[in-house]
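Here are my notes on the model you sent, set out as numbered points. Please read them with the structure open.

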Amino acid sequence: MRQSLQRWYCQQGRDLPWRRTRDPYAIWVAEVMLQQTQVATVIPYFQRWMEALPGIPELATAPQQQVLKLWEGLGYYRRALNLHRAAQILMQEHGGQFPRNLEQVLALPGIGRTTAGGILSAAFDLPLPILEGNVKRVLARLVALPQPPARCLPLLWRLSQQLLDPEQPRTFNQALMDLGATICRPRQPRCGQCPWQADCAAYNRGQQQHLPMSEHRPSRPHKQIAVAIVLRGKEILIDRRLESSMLSGLWEFPGGKIEPGETPAECVVREVKEEIGIDIEVVAPLATIEHAYTHFTITLIAFICRYLRGEAQALQCSEVRWVEPAELSQFPFPAANQKLFPYLYAWLEARGHLL
Ligand code: SF4
């Protein structure tokens, strides 16, 4: 099975930028970007990141805002903050070198067992298994797993370790990931082109379309959020989210969850007072947009508001700034807030504001 997989990979494997290097830093950045994100999306982000921050010292000393800006749009921003923090730890404790020792790698923030296996096998050819989403699916089909993979992780880890080619772990792991991504796809697996067809229990039982079994997922909760785009002359108010919150470190327009019995317009007036300590009045509705996060969905209702009085303070956020509209693009914003930008620019332009 090792030979047939690697033969297939030699002919059909994907040529990806992070596979042309043995630099553990580049491979680490790619592995973290690939968590929860498709390869095609990651490639331009990876290239921009490596141009701006080509090594551990550059990442460690970069301002957090630059790191988040380079990540903007990839989602799961905690990953970028963990990369940043881990680079600083590597400078302080490992002389700026990426360690070869599994325990030391696992001690870094944001690196779990499969990411560690992916980096160490690809960079140093260490015989460590991986178990990312594509690999779980391949292995679950290979043995016709009668349960959802999430309930059988120890077994799947053992299987990944047993199959791993100790002579060529780098090539084997990459081949396994490619098999899952391009042949053993979630829907319509291409069993006719699969090097493991003869050994695959799911295929031999005609179950490949029905495996792996899925967990029952409860439907995602929905939240109604109102936000204020507060204008003071030519300036707009933005604030940075608390370190402890989801999307921490990103900038946003102030606002929050609409309370029962409250209108969206009342909500933004209350939220801005609580969060920033200033009084505002609503001028006009701007836009209503829908956005889906992994665990919940939101309706975002945005208003153009006018500053009335008070000094803007970071009461329930970590920083507050008044910025000109043209400066907004310098700040990393969550995707839901970015959807408001075209509406905002159109509104300002229609009223003769210069951008
Ligand atoms: S034979 Fe089909 S189901 Fe089995 S591993 Fe190959 S592609 Fe996946």
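**Notes on the predicted model**

1. Start with the loop between helix H12 (201-204) and strand E1, because that is where Pro212 lies. This is a predicted model, and the remarks below should be read as such. The peptide bond joining Leu211 and Pro212 is cis, with omega at about -5 degrees.

2. A second backbone point concerns Ala144, which sits in the loop between H9 and H10. Ala144 is not a glycine, yet its phi is positive, at about 50 degrees. Most residues other than glycine have a negative phi, and most peptide bonds are trans. Both places therefore deserve a look, given that general pattern.

3. Which strands pair with E1, and in what sense? Strand E1 (residues 222-232) runs parallel to strand E6 (residues 297-309), and 10 bridges link the two. With strand E4 (residues 255-257) the pairing of E1 is antiparallel and covers three bridges. Strand E2 (residues 235-240) is also antiparallel to E1, joined to it by two bridges.

4. Some residue pairs help to find these strands on screen. Ile225 stands opposite Leu300 in E6, and Ile225 also stands opposite Lys257 in E4. Towards E2, the pair to look for is Leu231 opposite Ile236. E1 and E2 make a hairpin with two residues between them. In that turn Gly233 has a positive phi of about 60 degrees.

5. Now the helices. Helix H2 (residues 24-34) packs with helix H8 (residues 113-124) at an angle of about 145 degrees, and their axes are 9 Å apart. The crossing of H2 and H8 is right-handed. On the H2 side the contact is made by Pro24, Ile27, Trp28, Glu31 and Val32. H8 contributes Thr115, Gly118, Ile119, Ala122, Ala123 and Phe124. By class, the H2 and H8 contact has eight nonpolar, two polar and one charged residues.

6. The largest pocket has a volume of about 1900 Å³. Its lining has 50 residues, of which Leu34, Gln36, Glu132, Gly133 and Asn134 are the closest to the pocket centre. The elements that give two or more residues to this lining are H2, helix H3 (39-52), H8, helix H9 (133-142), helix H10 (153-163) and helix H11 (169-183). H2 and H8, the pair in the previous point, are thus among the elements of the pocket lining. By class, the pocket lining has 23 nonpolar, 17 polar and 10 charged residues.

7. How many cavities of 30 Å³ or more are there? The count comes to one. The largest cavity has a volume of about 130 Å³. It is lined by 14 residues, and the closest to its centre are Arg141, Cys184, Cys191, Cys194 and Cys200. H9 and H11 are the elements that give two or more residues to the cavity lining. H9 gives the most, with three residues.

8. Which class of residue makes up most of the cavity lining? The residues of that lining divide into 11 nonpolar, two polar and one charged. For the cavity, then, the nonpolar class is the one with 11 residues. In the lining of the largest pocket, the nonpolar class has 23 residues, set beside 17 polar and 10 charged. H9 and H11 appear in the pocket lining and in the cavity lining, so a view centred on these two helices is a sensible place to examine both spaces.

Key:
Residues are numbered from 1 along each chain as its sequence is written. This is a predicted model: local features need pLDDT of at least 70, side-chain atom pairs count only at pLDDT 80 or more; totals for chains, interfaces and linings use all residues. Side-chain values use heavy atoms; hydrogens and water are left out. Axes are lines fitted to C-alpha atoms, for helices over the stretch in contact, and angles run from 0 to 180 degrees between N-to-C directions. Helices (H or I, at least four residues) and strands (E, at least two) are DSSP runs, numbered from the N terminus. A crossing is left-handed if the near helix is turned anticlockwise from the far one by less than a right angle, and right-handed if clockwise. Contact means heavy atoms within 4.5 Å. Ala, Val, Leu, Ile, Met, Phe, Trp, Tyr, Cys and Pro count as nonpolar, Asp, Glu, Lys and Arg as charged, and the others, Gly among them, as polar. Two strands pair if DSSP finds at least two bridges between them. On a 1 Å grid over the protein atoms alone, a cavity is a set of points where a 1.4 Å probe fits but cannot get out, and a pocket is an open set with protein on both sides within 12 Å along at least five of seven lines; lining residues have an atom within 4 Å of a point. Grid points are joined across faces, edges and corners, and a volume is the space filled by probe spheres set on the points.
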